[in-house]
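Student: I would like to learn how to read the features of a structure such as this one, going slowly from the sheet to the cores, the helices and the backbone. Could we look at it together?

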Amino acid sequence: MSTIAIIGTGVIGAAWATGFLAAGHTVTAFDPAPGAEARLREQVSTFVGEAGAAAASAGGDSSTAAAATTPSSDELTFAPSLAEAVADADFVQENGPERLEVKQAMLAEIDAAAPASAVIASSTSGFSPSQLNAHATKAPGRIIVGHPFNPAHLVPLVEVVPSTGTSATVVDRALEVYRAIGKKPILVRAELPGHVANRLQAAMWQEAYSLVDRGVVSVTDIDTAISSGPGLRWAILGPLAQQSLSGGAGGMRHVLDHLGPPQEVWMHDLEQVHLGEDLKEKLISGVDEELDGRDPAVLAKQRDDMLLEIIALKRKYGELP
Ligand SMILES: NC(=O)c1ccc[n+]([C@@H]2O[C@H](COP(=O)([O-])OP(=O)(O)OC[C@H]3O[C@@H](n4cnc5c(N)ncnc54)[C@H](O)[C@@H]3O)[C@@H](O)[C@H]2O)c1
């Protein structure tokens, strides 16, 4: 059992707190917003219930299901200051606002106050560790990115991005900490805007926006093309392992030899888009038409309920490959 500091307890901080508590760690949190402690405790109770339900419906992991209770004050402490929250931490997860100067100041303060042995991870969606550690003076190399995916209490992916000053020991500790709470971390070996998963999404959004802009298909049809097509398979096998199955017994070699050349033609035909006002209007009105007044909160709940069942199914059948 380790002591985990959660700094910033909004949407993402609460999700991390839940994951660490459910795995049996002690969590010390800090957020300066009025009412933050009460909101965190309420949010953690909701998230823990959902995560426990997922484990129970998978028919396995009784320890996670058993942890599906509101954490006690011994397990979850709310500290009066950032420095006190990290003073005894083995691992710090920072989840403050996505503004570079704010994060740089928070991470410098965390670095100054945390024990020398602590690893410090930022949930940042887009900044690199070299940008984030700019004002840290004690041990800037231990500041890395640990980027989760929303809804972060359910989705297992975490992107771990070290800086050039990060030691292999820090990287290994981060990967180990995330794996131990049931996450699926990947190691990103270069500091790129948007890390990896958001870059992959951006590649798809670029083409989706372009096809809508050119009037090739409606927004609804773009969404159908993915959610009733390849998206169904991608939750089970990633796009590359999935592609290899299209080659039958010949596997990836056959697919690339056979379909690689036409695929290259499609790739070279993809267009860059500029997200100007006209295009934004087409996308906004297209989504409005598709959703037809549905309450986004209800839709998000339906998505999360289905996501829980997909995750439970993956546990039941075992991860592929
Ligand atoms: N929301 C997402 O979909 C998502 C997904 C992955 C990663 N992230 C990243 O996670 C981080 C947090 O995002 P969020 O959506 O939870 O935002 P949020 O606005 O819900 O939470 C941010 C919290 O930081 C707190 N905060 C402000 N100043 C602080 C300080 N000095 N010390 C401690 N806490 C402070 C705020 O009071 C707020 O509660 C961002 O870096 C974001 O890019 C967000």
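Tutor: Let us begin with a term that the sheet requires: two strands are said to pair if DSSP finds at least two bridges between them. Please keep in mind throughout that this is a predicted model. With that criterion in hand, strand 5 and strand 6 run parallel and are joined by 3 bridges, and one of the facing pairs sets Ser-122 opposite Val-145 in strand 6.

Student: What is the strand order of the open sheet, and what is its pairing?

Tutor: The sheet is open and contains 8 strands in the order 3-2-1-4-5-6-7-8, and its pairing is mixed. Strand 3 and strand 8, the latter spanning 184–187, stand at the edges with a single partner strand each, so one side of each has no neighbour in the sheet. From one strand to the next the twist averages 25°.

Student: In which sense does strand 7 pair with strand 6, and in which sense with strand 8?

Tutor: Strand 6, residues 143–148, pairs with strand 7 in the antiparallel sense over 4 bridges, whereas strand 7 and strand 8 pair in the parallel sense, also over 4 bridges. On the antiparallel side, His-147 has Glu-159 of strand 7 as its bridge partner, Gly-146 has Val-160, and Val-145 stands opposite Val-161. On the parallel side, the bridge partner of Leu-157 is Lys-184 in strand 8.

Student: How many residues of strand 6 are buried, and how many of strand 7?

Tutor: The cut-off to remember is that buried means under 20% relative accessible area. In strand 6, 6 of its 6 residues are buried, and the strand is mostly covered. Both of its faces are covered, with Ile-143, Val-145 and His-147 buried on one side and Ile-144, Gly-146 and Pro-148 buried on the other. In strand 7, 4 of the 5 residues are buried, so that strand is largely enclosed by the rest of the structure.

Student: Which residues have the most contacts inside the largest nonpolar core?

Tutor: That core has 31 residues, and those with the most contacts inside it are Ile-6, Phe-20, Val-27, Leu-40, Phe-91 and Tyr-178. Both kinds of secondary structure contribute, since at least two residues each are supplied by strand 1 (3–7), helix 1 (11–22), strand 2 (26–30), helix 2 (36–57), strand 3 (76–78), strand 5 (119–122), strand 7 (157–161) and helix 7 (168–180). Apart from this core lies another, of 22 residues, among them Val-86, Leu-107, Ile-120 and Leu-132.

Student: Which residues does Tyr-178 contact once its neighbours within four places in sequence are left aside?

Tutor: Tyr-178 is in contact with Trp-16, Phe-20, Phe-91, Gln-93, Ala-121, Gly-146, Val-158, Val-160, Lys-183 and Pro-185.

Student: Turning to helix packing, at roughly what angle do the axes of helix 9 and helix 13 cross?

Tutor: The axes of helix 9 (residues 219–227) and helix 13 (residues 277–291) come within 8 Å and cross at roughly 70°. Angles of 65 to 115 degrees count as roughly perpendicular, which is why helix 9 is described as roughly perpendicular to helix 13. Helix 9 makes the contact through Val-219, Thr-220 and Asp-223, and helix 13 through Lys-282, Leu-283, Gly-286, Val-287 and Glu-290. Sorted by class, the contact has 3 nonpolar, 2 polar and 3 charged residues.

Student: Which peptide bond is cis, and what is phi near in His-195 and in Asp-292?

Tutor: A cis peptide bond joins Asn-150 and Pro-151, with omega at about -5°, and Pro-151 is placed in the loop between strand 6 and strand 7. Phi is near 55° in His-195, a positive value in a residue other than glycine, and phi of Asp-292, likewise a positive value in a residue other than glycine, is near 50°.

Student: Are these two residues, His-195 and Asp-292, buried or exposed?

Tutor: His-195, found in the loop between strand 8 and helix 8 (197–213), counts as buried at 2% relative accessibility. Asp-292, found in the loop between helix 13 and helix 14 (296–317), is exposed, with a relative accessible area of 65%.

Note on methods:
Residues numbered from 1 in each chain as written. Predicted model: local features only at pLDDT ≥ 70, side-chain atom pairs only at ≥ 80, totals over all residues. Heavy atoms only, no water. Core = buried A, V, L, I, M, F, W, Y, C linked by side-chain atoms within 4.5 Å. Buried < 20%, exposed > 50% of the residue type's maximum accessible area, 1.4 Å probe, protein only. Contact = heavy atoms within 4.5 Å. Axes fitted to C-alpha atoms, helices over the stretch in contact; angles between N-to-C directions. Parallel < 35°, antiparallel > 145°, perpendicular 65-115°, else oblique. Nonpolar A, V, L, I, M, F, W, Y, C, P; charged D, E, K, R; others polar.
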